[in-house]
Amino acid sequence: METIFLDDFLTDGLLKEDDFRKKISDIDWNQYLNKKVLIKGCTKSPVPIWSYLIVTAELTPYAKTIFFGEPCSLFKIYNKD
């Protein structure tokens with residue numbers, strides 16, 4: 001399973017929308033094609049809900065299944081039929 005850490009999108013310890021959207025646009029989403037992907041729930045700093053929604057929206061055309069949370073307690077949020 002692939003994991004996306006929202007900590008990777010922090011700038012100076014904060015999630016800044018402009019920087020976040022730039023980093024999102026730079027990702028090659030094909031790397032997640034037909035894979036199970038976990039959007040890791042815990043971060044070092046508070047993360048706005050919209051950031052999870054943006055990542056999920058970008059992943060949906062590629063990932064087979066998208067989970068949210070921690071590896072020990074996954075919550076499925078998307079499954080390609």
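How far apart are the mean positions of the positive and negative charges of this chain? The answer is 6 Å, with 11 positive and 12 negative charges going into it. Keep in mind as we go that this is a predicted model.

OK, the overall layout. We have two helices and four strands in the chain, and if you walk along the sequence you get β-α-β-α-β-β. The radius of gyration comes out at 12 Å, close to the 12 Å that the globule rule gives for 81 residues, so the chain is as compact as a globular protein of that length. If you like boxes, the C-alpha atoms fill one of roughly 35 × 25 × 15 Å along the principal axes.

What about the surface? The accessible area is about 5100 Å², and carbon and sulfur atoms make up 54% of that. As for the inside, 35% of the 81 residues count as buried. And how much of the contact list joins residues 24 or more positions apart? Taking contacts with a separation of 6 or more, those pairs account for 66%.

Let's go to the strands. Start with Val 37, which sits in strand S2. Buried or exposed? Buried, because its relative accessible area is 0%, and the cut-off for buried is under 20%. Look at who is around it: beyond four places in sequence, Val 37 touches Met 1, Glu 2, Ile 4, Tyr 32, Leu 59, Ala 63, Thr 65, Ile 66 and Phe 67. Tyr 78 is 41 residues away from Val 37 in sequence, and the two C-alpha atoms are 9.8 Å apart in space.

Also in S2 is Lys 40. Yes, a lysine, and it counts as buried, because its relative accessibility is 18%. So what does the side chain of Lys 40 make a polar contact with? The side chain of Glu 70, at 3.2 Å. Leaving out the close sequence neighbours, up to four places away, Lys 40 touches Thr 3, Ile 4, Phe 5, Tyr 52, Gly 69 and Glu 70. So Ile 4 turns up in the contacts of Val 37 and again in those of Lys 40.

Tyr 52 from that list takes us to helix H2, where it is one of the buried residues. The others are Ser 51, Ile 54, Val 55, Thr 56 and Leu 59. And what covers them? The cover includes S1, H1, S2, strand S3, which is 65–70, and strand S4, which is 73–79.

Now the loops, starting with the one between strand S1, residues 2–5, and helix H1, residues 17–25. That is where you find Phe 9. Phe 9 is buried, because its relative accessible area is 6%. Apart from neighbours within four places, Phe 9 is in contact with Ile 4, Leu 14, Leu 15, Phe 20, Lys 23, Ile 24 and Ile 27. For Phe 9 and Pro 46, which are 37 residues apart in sequence, the C-alpha distance is 12 Å.

Asp 7 is in that S1 to H1 loop too, and it counts as partly exposed, because its relative accessibility is 24%. Setting aside neighbours within four places, Asp 7 is in contact with Cys 42, Thr 43 and Lys 44. Its C-alpha is 8.9 Å from the one of Val 47, which is 40 residues along the chain.

Third resident of the S1 to H1 loop: Asp 12. Asp 12 counts as exposed, because its relative accessibility is 71%. Its phi is positive, about 55°, although it is not a glycine. Where else do we get a positive phi without a glycine? At Asn 34, with about 60°, and that one lies in the loop between H1 and S2.

Last stop is Ser 45, in the loop between strand S2, 36–40, and helix H2, 49–59. Ser 45 counts as buried, because its relative accessibility is 13%. Not counting residues up to four places away, it touches Leu 10 and Gly 13. And the detail with Gly 13 is worth zooming in on: a polar atom of the Ser 45 side chain lies 2.5 Å from the backbone oxygen of Gly 13.

That's my tour. Questions?

How values were computed:
Residues numbered from 1 in each chain as written. Predicted model: local features only at pLDDT ≥ 70, side-chain atom pairs only at ≥ 80, totals over all residues. Heavy atoms only, no water. Rg over C-alpha atoms; globule rule 2.2 N^0.38 Å. Buried < 20%, exposed > 50% of the residue type's maximum accessible area, 1.4 Å probe, protein only. Contact = heavy atoms within 4.5 Å. Areas by Shrake-Rupley, 256 points an atom, 1.4 Å probe, with all protein chains shown as cover. Lys, Arg positive; Asp, Glu negative; His and termini not counted. Charge placed at Lys NZ, Arg CZ, Asp CG, Glu CD. Polar contact = N/O pair within 3.5 Å; in protein donor to acceptor, adjacent residues only side chain to side chain.
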